[in-house]
Amino acid sequence: MAIVNIPNKNLTLKDATEITDYLAKVGIDYERWDADEARVSPDADEAEILAAYSPEIEKLKTEGGYVTADVINIVPTTPNLDAMLAKFNKEHWHDEDEIRFIVKGHGLFHIAPKDGEVVSIEMEAGDLIRVPRGTLHWFNLCGDRTVRAIRLFQDMSGWTPFYTESGVDAGYQPLCFGVNYIPKTT
Ligand SMILES: [Fe+2]
């Protein structure tokens, strides 16, 4: 289950219905999929993961016009990990939706709604988020520095970050509650 935090309201949500309702009000779709290990191992290869979740993936493709899906795999030893993360931990938007279903590990999205307070969404296995095109957001890993996620694309060429250079992201600590955030010291 995700953990949603709205720092400026001193509000934390851990209930699925409350999370879904709150995020819907700021334009973010949140879903839970059955991610029980009996369905597929989180360490299975990409084809097995995509096959196991194909009912949900095909439904999303039909509803959202997504044409491809893949599985991104980040571990602490991923080469150039910090350079990769530096692309996404500053406020940005994309010209297409950002959809992530977490298979393993954690991820921390911050969303800056046009009308409303910044909200953080700490994601774990079984959580799906859809960040619509144009939505301002940024992304951090949690302390495990591990995330394996299904991504869906409308057009892979559109999935480029455009930066706001607002500096808003610097005002929010990338705090994960489920997994301690370990600030980088080097
Ligand atoms: Fe993004």
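Modeller: Let's start with geometry labels: four donors count as tetrahedral if all angles lie between 85 and 135 degrees, four count as square planar and six as octahedral if opposite donors are over 155 degrees apart and all others between 65 and 115, and anything else is irregular. This is a predicted model, where local features need pLDDT of at least 70 and side-chain atom pairs count only at pLDDT 80 or more, while totals for chains, interfaces and linings use all residues. Residues are numbered from 1 along each chain as its sequence is written, and side-chain values use heavy atoms, with hydrogens and water left out.

Biologist: Fine, so what makes His92, His94, Glu98 and His137 donors of the iron ion?

Modeller: Distance. Their atoms, NE2 for the histidines and OE for Glu98, lie 2.1 to 2.2 Å from the iron ion, inside the donor limit (N, O and S atoms within 2.8 Å of the metal, or 3.2 Å for Na, K and Ca; water is not among the atoms, so sites may look incomplete).

Biologist: And why is the site of the iron ion called irregular?

Modeller: The angles among its four donor atoms run from 83 to 168°. That range spills out of the tetrahedral window, so tetrahedral is ruled out. The site ends up as irregular.

Biologist: How are the donor residues spaced in sequence?

Modeller: As H-x1-H-x3-E-x38-H. Glu98 in strand S6 (residues 98–105) and His137 in strand S10 link distant parts of the chain, 39 residues apart; strands, at least two residues of E, and helices, at least four of H or I, are DSSP runs numbered from the N terminus.

Biologist: Are Glu98 and His137 buried or exposed?

Modeller: Buried, both of them. Glu98 has a relative accessible area of 5% and His137 has 1%, and the scale reads buried under 20%, exposed over 50%, partly exposed in between (1.4 Å probe, protein chains only).

Biologist: How do you know that Cys142 and Cys176 form a disulfide?

Modeller: Their sulfurs are 2.0 Å apart, which meets the rule of a pair of cysteine sulfur atoms within 2.5 Å. The structure holds one disulfide. Cys142 sits in the loop between strand S10 (136–140) and strand S11 (147–153), with Cys176 in the segment after strand S12 (162–163), 34 residues apart.

Biologist: What is the handedness of that disulfide, and why?

Modeller: The S-S torsion is about -75°, so the disulfide is left-handed. Cys142, at 2%, is buried, and Cys176, at 7%, is buried too.

Biologist: What makes Asp97 and Arg133 a salt bridge?

Modeller: Their closest N and O atoms are 4.0 Å apart, right at the cut-off (a side-chain nitrogen of Lys or Arg within 4 Å of a carboxyl oxygen of Asp or Glu). Asp97 is buried at 5%, whereas Arg133 is partly exposed at 48%. By that rule the count comes to eleven salt bridges.

Biologist: Which residues are linked with that pair in a network?

Modeller: Asp29 and Arg130 join Asp97 and Arg133 in a network of salt bridges. Arg130 and Asp29 meet at 2.7 Å, N to O. Arg130 lies in strand S9 (residues 127–131) and Asp29 in strand S3 (residues 29–32), so the pair ties together parts 101 residues apart in sequence.

Biologist: And why is Asp43 called exposed?

Modeller: Its relative accessible area is 52%, so it clears the exposed threshold. Lys104, its partner in a salt bridge at 2.5 Å, N to O, is partly exposed at 32%.
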